[in-house]
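This briefing goes through a single protein model topic by topic, beginning with charged pairs and ending with the surface. Please keep the sequence and the coordinates at hand while reading.

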Amino acid sequence: MWNEVKTNLSSAKVYLKEFLFFNAIFILLLFVIIENKIILITLIALILFLGLIFLNVVGYKRNKELKAIESVISGIRKNTINQPEEIKLKENLHSLQDEIQQMFEKERNDIEYLKRLERMRTEFLANVSHELRTPIFAIQGYIETLLDGAINDEKVNKHFLDKANQHTINLSNLLNDLIDISMIESGEMRMSYRYFNINDYLSQIIHEMMPIAQEKNIELIYHPAKEGLQLFGDKSRLKQVFINLITNAIKYTEQGKVEVLIVEEPKYGKIIIRDTGIGIPQEDINRIFERFYRVDKARSRAVGGTGLGLAIVKHIAEAHNSKIEVESELGVGSEFSFRLKK
């Protein structure tokens, strides 16, 4: 009992200055008003006694509130609280309750984010290891075969060397893409924005891509924008975007055409790459921009590619305050589009 009173009074120390101040004023008034010393001493003793009782009650309530807060914090620390709604304090502590709930929600989101980052890092390392191992083992296999005597066989030696060379090109492309995406995601990639003539720019890219389309008997068509249209962006980085999207459109189109067109809007130029290819399943559209994600793994490796192209495209578009939009229908074709500021 006495220990509890001591604890309550100790907890009420924060109000001791105010308590002493008001008691001193009240006692001074008593000295002025009351002349009888016995009554005066009795009243002063009564005031001090009632004051101690008041401090004890205040300390008791404060201890209960502190214990409730301590219980909530302990529950968060021990993971016995799973939802913000489980954090409840008294009515006069609602503002503190709201703050703790918001802190708990933020902490939970931060932990989930870190776990997701860790999963992504693990998956990324596993994917990189696999993607690097594939061409390296292939090159090693071809070279070992050649060293075992195939180098003297004119029927296969050039074929094996061509295959090994293609895998070194694939390996080089993968490493370049890894460097690019690492620089983009770390913020180290410098962008150089300026206005440029979109027709001249895209005409040159289409001219460079035309042999790839002709090799597959695919019609590559550019529909020019109005003459003199200027758009704002980093020409070098945007070239990566266009080459990747047009290359993909050609790769996954067996017959028909690939079109590049610009739809002029009041503040933007909307650039569209449309094909008549195999299309993308709806359930995969939201995932195609993930690193190393492949809709059809066997087919993707057969036609080449690092699995990082669309991830790089997404980041470059976002650096231009834009977003890649995708529409696709299986067996009909796909359409990729994004906007650049006029």
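A residue is called buried when its relative accessible area is under 20%, exposed when it is over 50%, and partly exposed in between. By that cut-off E264, with a relative accessible area of 33%, is partly exposed. The model is predicted, and the points below describe its salt bridges, its open sheet with a helix lying across three of the strands, and two residues in other helices, one of them part of a nonpolar surface patch.

**Salt bridges**

- Side chains of opposite charge can pair when their charged atoms come close.
- A search of the whole structure finds twelve salt bridges, among them the three pairs described here.
- K106 and D110 form a salt bridge through their side chains, with an N to O distance of 2.9 Å.
- Because K106 and D110 are four residues apart in helix α4 (residues 94-147), about one helical turn separates them.
- The two partners differ in their accessibility class, since K106 is exposed at a relative accessible area of 52%, whereas D110 is partly exposed at 34%.
- K226 and E264 also meet in a salt bridge, here at 3.4 Å from N to O.
- This pair links distant parts of the chain, as K226 sits in the loop between β2 (219-223) and β3 (230-233) while E264 belongs to strand β4 (residues 257-264), 38 residues apart.
- The K226 and E264 pair does not stand by itself, for K226, E264 and K342 are linked in a network of salt bridges.
- E259 and R274 make a salt bridge with an N to O distance of 3.9 Å.
- Since E259 lies in strand β4 and R274 in strand β5 (residues 268-275), their salt bridge ties together parts of the chain that are 15 residues apart in sequence.
- Of these two side chains, E259 is buried, with a relative accessible area of 12%, while R274 counts as partly exposed at 28%.

**The open sheet and the helix across it**

- Strands of a sheet pair through backbone hydrogen bonds, either parallel or antiparallel.
- In this model five strands form an open sheet in the order β2-β4-β5-β7-β6, and the pairing is mixed.
- The edges are taken by β2 and β6 (325-329), each of which has a single partner strand, so one side of each is left without a neighbour in the sheet.
- On average, and with direction ignored, neighbouring strands of this sheet are turned by 15 degrees against each other.
- At one end of that order, β6 pairs with strand β7 (residues 333-341) in the antiparallel sense over five bridges, and S328 stands opposite S334 in β7.
- Helix α6 (residues 198-215) lies across β2, β4 and β5, and runs at about 175 degrees to β2.

**Residues in other helices and a surface patch**

- Helix α5 (residues 157-186) contains I169, which is partly exposed with a relative accessible area of 35%.
- The C-alpha atoms of I169 and P135 are separated by 9.3 Å, although the two residues are 34 residues apart along the chain.
- F22, I25, F26, L28, L29, F31, V32 and I33 form a nonpolar patch on the surface, and together they have about 880 Å² of accessible area.
- One of the patch residues, F26, is found in helix α2 (residues 16-33) and counts as partly exposed at 43% relative accessibility.

Terms used
Residues are numbered from 1 along each chain as its sequence is written. This is a predicted model: local features need pLDDT of at least 70, side-chain atom pairs count only at pLDDT 80 or more; totals for chains, interfaces and linings use all residues. Side-chain values use heavy atoms; hydrogens and water are left out. A salt bridge is a side-chain nitrogen of Lys or Arg within 4 Å of a carboxyl oxygen of Asp or Glu. Helices (H or I, at least four residues) and strands (E, at least two) are DSSP runs, numbered from the N terminus. Buried means under 20% relative accessible area, exposed over 50%, partly exposed in between (1.4 Å probe, protein chains only). Two strands pair if DSSP finds at least two bridges between them. Axes are lines fitted to C-alpha atoms, for helices over the stretch in contact, and angles run from 0 to 180 degrees between N-to-C directions. Contact means heavy atoms within 4.5 Å. Patches are made of residues with over 30% relative accessible area and no salt bridge: like charges are joined within 9 Å, nonpolar side chains (Val, Leu, Ile, Met, Phe, Trp, Tyr) within 5 Å. Accessible areas come from the Shrake-Rupley method with a 1.4 Å probe; for residues, only the protein chains shown count as cover.
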